[in-house]
Amino acid sequence: KQPTHDYAPPEMPYRIGTGSPQQNRCLADDIEEPSIVFCNFNKFLKNNPQTLNSWIRILREVPNSILCLLENPSQGVPYMQRYIHEAAGLPSVETDSRSKKQYNTFKPQDGEDLIDRIHFLPWERSPFDHQARNQDFCNVMLDSFPYNGHTVAQDSLYGGVPIITRSDGDDMSSRVTTSANIVLGLEELNAVDGPKQYEDIAIALGNDKAKLGDVRKRLVDAALQRNPMHPYWDANRYAQNLLSGFTQAWEIFLAGDEARHITVVETEEVARGTYDQVLIDNPSDRVKEVQGSDEL
């Protein structure tokens with residue numbers, strides 16, 4: 001589903017494609033309308049404790065904000081809540097009255113309040129429906145670390161949901177969104193200096209509606225761009241360049257040469273990008289299948 005600049009009026013009960021993230025409240029009916037809805041729809045296992053600690057600070061410093069997560073898995077929800085409650089507390093050392101041994105614990109602070117501001121969406125079996133509801137439930141995605149969102153990130157970006165990510169990882173899995181933001185012209189959402197900058201970017205965006213509106217407009221404009229398509233969403237252009245790389249690799253193999261790095265240089269024709277007429281003239285097999293069934 002393509003994103004839209006404006007949100008459709010909300011419906012009760014909720015229907016995909018209706019309402020803004022603030023109006024839909026992560027399907028939590030018992031809370032007031034939040035100022036902003038942060039989200040993360042990745043599996044819990046993609047996040048480390050440092051990432052959750054960052055989310056705690058962000059919620060604390062963006063008044064009336066909430067965090068919308070996916071129950072993925074639902075069995076992990078109580079463990080997530082327990083960690084938030086303990087991590088929000090102050091470290092403390094106490095002594096066992098019987099054994100006299102000391103142990104690490106914590107003094108509760110605002111953990112319960114934070115838990116009340118973190119809500120969980122039920123799992124959506126249809127990947128198409130899940131992608132379509134990104135716009136409805138999320139203003140800003142807080143990316144996972146050390147393992148970024150991959151498919152989840154693309155779902156969000158094509159739903160017009162900007163992603164704040166850490167760019168200090170050393171491997172591919174922790175730099176996926178960094179690359180996406182660069183191509184989309186949203187480098188300001190990349191925290192190259194680590195967790196503190198990741199938090200600062202989220203806090204600044206969460207407290208500045210005009211800035212968030214500008215970022216979202218640029219992202220939606222990129223998804224809707226036509227003639228030519230925006231390079232990030234131009235699958236046809238990507239496929240042609242990938243084919244060029246595969247062809248070079250095959251030719252190296254056939255020649256019996258040693259393996260080497262491959263550089264793909266776009267032809268002038270490919271670099272023009274994809275226009276609507278190209279898609280009309282070259283329909284996918286799925287489009288042909290649908291058209292054939294309609295004719296029957």
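How many aromatic pairs does the structure hold? This predicted model holds 5 aromatic pairs. The legends below cover some of them, together with salt bridges, a sheet and a helix.

**Figure 1. Tyr 14 and Phe 137 form a tilted aromatic pair.** The ring centres of Tyr 14 and Phe 137 are 4.8 Å apart, and the planes make an angle of 55°. Tyr 14 belongs to the segment before helix 1 (21-24), whereas Phe 137 is in helix 6 (residues 134-137), so the pair ties together parts of the chain 123 residues apart in sequence. Tyr 14 is partly exposed, at 21% relative accessibility. Phe 137 is buried, at 0%.

**Figure 2. Trp 250 and Phe 253 form a stacked pair in helix 11.** With ring centres 5.5 Å apart and planes at 25°, Trp 250 and Phe 253 count as stacked because the angle is under 30 degrees. The two residues are 3 apart in helix 11 (residues 235-254), which puts about one helical turn between them. Trp 250 and Phe 253 are both exposed.

**Figure 3. Tyr 158, Tyr 232 and Trp 233 form an aromatic cluster.** Ring pairs link these three residues. A pair of aromatic rings is described by the distance of the centres and the angle of the planes.

**Figure 4. Arg 166 has contacts with both a ring and an acid: its charged end sits over Phe 145, and it forms a salt bridge with Asp 168.** The charged end of Arg 166 is 3.7 Å from the centre of the Phe 145 ring. In the salt bridge to Asp 168, the closest N and O atoms are 2.8 Å apart. Arg 166 is buried, with a relative accessible area of 6%, while Asp 168 is partly exposed at 29%.

**Figure 5. Six strands make an open sheet with parallel pairing.** The strand order is 5-2-1-6-7-8. Strand 5 (118-121) and strand 8 are the edge strands, each pairing on one side only. Strands 1 and 6 pair in the parallel sense over 2 bridges. Within this pairing, Cys 39 has Met 141 in strand 6 as its bridge partner. Strands of a sheet pair through backbone hydrogen bonds, either parallel or antiparallel.

**Figure 6. Helix 9 (residues 195-206) and the elements that cover its buried residues.** Helix 9 has 12 residues and reaches 16 Å from its first C-alpha to its last, close to the 16 Å expected at 1.5 Å a residue. Its buried residues are Pro 195, Tyr 198, Glu 199, Ile 201, Ala 202, Ile 203, Leu 205 and Gly 206. Among the elements covering them are strand 1 (36-40), helix 2 (49-61), strand 6 (140-142), strand 7 (163-166), strand 8 (190-191) and helix 10 (209-224).

**Figure 7. A salt-bridge network includes residues of helix 9 and helix 2.** The whole structure has 15 salt bridges. Glu 199 and Arg 57 meet at 2.8 Å, N to O. This pair links distant parts of the chain, with Glu 199 in helix 9 and Arg 57 in helix 2, 142 residues apart. Glu 199 is buried, at a relative accessible area of 10%. Asp 200 and Lys 196 form another salt bridge, at 2.9 Å, N to O. These two residues are 4 apart in helix 9, about one helical turn. Asp 200 is partly exposed, at 29% relative accessibility. Salt bridges with shared partners join Arg 57, Glu 61, Lys 196, Glu 199 and Asp 200 into one network.

Note on methods: Residues are numbered from 1 along each chain as its sequence is written. This is a predicted model: local features need pLDDT of at least 70, side-chain atom pairs count only at pLDDT 80 or more; totals for chains, interfaces and linings use all residues. Side-chain values use heavy atoms; hydrogens and water are left out. The expected span of a helix is 1.5 Å times one less than its number of residues. Buried means under 20% relative accessible area, exposed over 50%, partly exposed in between (1.4 Å probe, protein chains only). Contact means heavy atoms within 4.5 Å. Rings of Phe, Tyr and Trp (its six-membered ring) pair if their centres lie within 6.5 Å; planes under 30 degrees apart count as stacked, over 60 as edge-to-face and the rest as tilted. A charge sits over a ring if NZ of Lys or CZ of Arg is within 6 Å of the ring centre and within 35 degrees of the ring normal. Two strands pair if DSSP finds at least two bridges between them. A salt bridge is a side-chain nitrogen of Lys or Arg within 4 Å of a carboxyl oxygen of Asp or Glu.
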